[in-house]
Amino acid sequence: GKIAMYVAANNHITRPTRYPYHRPAQGRYGDRAFEGSVENVSATGAAIALGEAGVAVDNGMFVDMHVEGLGHLSGRVARTYDGGFAVQFDADGADLDAVAEALSRLDRQA
């Protein structure tokens with residue numbers, strides 16, 4: 001337990017709080033459409049699980065998507081992992097106000 005808590009506390013300092021947020025996401029990257037689900041979201045990005053093995057997503061790829069409860073979001077792939085990717089929101093194309101609003105609601109539920 002102690003080690004995990006230390007790691008979590010450490011992450012908290014270096015990056016925005018991530019909230020579990022399991023909602024459907026649909027969108028496009030490159031020339032592919034995808035359907036997945038958000039795993040977690042922060043004020044600056046989100047992790048999207050695609051549940052497909054070997055998804056062809058590359059770092060820096062432009063992503064345009066709609067997430068239930070968050071609205072239209074776009075950004076770049078910040079990193080990929082097995083079965084999904086993390087998006088860094090694009091401040092111009094993403095509705096960051098909607099994200100902030102949703103996060104504040106999640107905060108109140110916690």
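A residue counts as buried here when its relative accessible area is under 20%. Keep that cut-off in mind as you open this predicted model: buried residues make up 35% of the 110 in the chain.

**Start with the whole chain.** Colour by secondary structure and you will find two helices and seven strands. Followed along the sequence, they run α-β-β-β-β-β-β-β-α.

**Next, select the core.** The largest nonpolar core has 24 residues; show V41, I48, M65 and F85, which touch the most other members. At least two core residues come from each of β2 (24-29), β3 (32-41), β4 (45-49), β5 (62-67), β6 (71-81), β7 (84-89) and α2 (96-109). Highlight α2 in particular, as this helix gives the most to the core, with four residues.

**Now centre on I48.** Setting aside neighbours within four places in sequence, the contacts of I48 include F34, V38, M65, Y81, F85 and V87.

**Finish with the rings.** Show Y29, F34 and F85 as sticks: ring pairs link these residues into a cluster. Y29 and F85 meet edge-to-face, 5.8 Å centre to centre with 75° between the planes. Because Y29 sits in strand β2 and F85 in strand β7, this pair ties together parts that are 56 residues apart in sequence. Both Y29 and F85 are buried. Turn to F34 and F85, whose ring centres are 5.7 Å apart with planes at 90°, so this pair is edge-to-face too. Here strand β3, with F34, is linked to strand β7, with F85, across 51 residues. How buried are these two rings' residues? F34 has 3% relative accessibility, and F85 has 0%.

Definitions and conventions:
Residues are numbered from 1 along each chain as its sequence is written. This is a predicted model: local features need pLDDT of at least 70, side-chain atom pairs count only at pLDDT 80 or more; totals for chains, interfaces and linings use all residues. Side-chain values use heavy atoms; hydrogens and water are left out. Buried means under 20% relative accessible area, exposed over 50%, partly exposed in between (1.4 Å probe, protein chains only). A nonpolar core is a set of buried Ala, Val, Leu, Ile, Met, Phe, Trp, Tyr and Cys residues joined through side-chain atoms within 4.5 Å. Contact means heavy atoms within 4.5 Å. Rings of Phe, Tyr and Trp (its six-membered ring) pair if their centres lie within 6.5 Å; planes under 30 degrees apart count as stacked, over 60 as edge-to-face and the rest as tilted.
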